[in-house]
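Student: I have not seen this structure before. Could you take me through it by question and answer?

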Amino acid sequence: MPGYSTQKSEHNVFISNAYAQTAAGAEGSLMSFLPIILMFVVLYFLMIRPQMKRQKEQKAMMDALAKGDEVVTAGGMLGKVNKVTDAYVMLEVANGTEVVVQKAAVSTLLPKGTIKSL
């Protein structure tokens, strides 16, 4: 046959041969992701879950605020709750001195009688 060469020519210098991945190769790649998966599981149980629990407790505390409760705000101010609305709380910080703060600013609910003992 004229025009055809019987010698093999290597024109594909930059193209590598593709090989099928065996089942053992797929299992090995899954095992390489195992440390990352374990890291996310540990992250969830050490950081995310406790934070979600704390947020849930904080929301329950804010919903349960009532007149007469003694609280500490995020700024460190102590006061007795005089009035509670949907978004705001009126605190009595001294005799005759009232301050209005956002409900979200209330950080801690104190046992009754704490302010008088200070």
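The turns below go from the overall fold to the core and then to a ring pair.

Student: What pattern does the protein follow along the sequence?

Tutor: Bear in mind that this is a predicted model. The secondary structure comes to 2 helices and 5 strands. Read along the sequence, these give the pattern α-β-β-β-β-β-α.

Student: What percentage of the residues count as buried?

Tutor: A residue is buried when its relative accessible area is under 20%. The protein has 118 residues, and the share of them that meets this cut-off is 16%.

Student: Which elements each supply at least two residues of the largest nonpolar core?

Tutor: The largest nonpolar core has 9 residues: M61, M62, L65, V71, V81, V89, L91, V101 and V106. Two elements each supply at least two residues of this core: α1 (23–63) and β3 (88–94).

Student: Which residues does V106 touch, not counting residues up to four places away in sequence?

Tutor: V106 is one of the residues of the largest nonpolar core. With residues up to four places away in sequence left out, V106 touches Q58, M61, L65, V71, V72, T73 and V89.

Student: Why do the rings of Y44 and F45 count as stacked or as edge-to-face?

Tutor: The structure holds 1 aromatic pair. The ring centres of Y44 and F45 are 5.2 Å apart, and a pair needs centres within 6.5 Å. Their planes are at 80°, and an angle over 60 degrees sets the class, so the pair is edge-to-face.

Student: Is F45 buried, exposed or partly exposed?

Tutor: Buried is under 20% and exposed is over 50%. F45 has a relative accessibility of 49%, so F45 counts as partly exposed.

Conventions: Residues numbered from 1 in each chain as written. Predicted model: local features only at pLDDT ≥ 70, side-chain atom pairs only at ≥ 80, totals over all residues. Heavy atoms only, no water. Phe/Tyr/Trp six-rings, centres within 6.5 Å; stacked < 30°, edge-to-face > 60°. Buried < 20%, exposed > 50% of the residue type's maximum accessible area, 1.4 Å probe, protein only. Core = buried A, V, L, I, M, F, W, Y, C linked by side-chain atoms within 4.5 Å. Helix = DSSP H or I, 4+ residues; strand = E, 2+ residues; numbered from the N terminus. Contact = heavy atoms within 4.5 Å.
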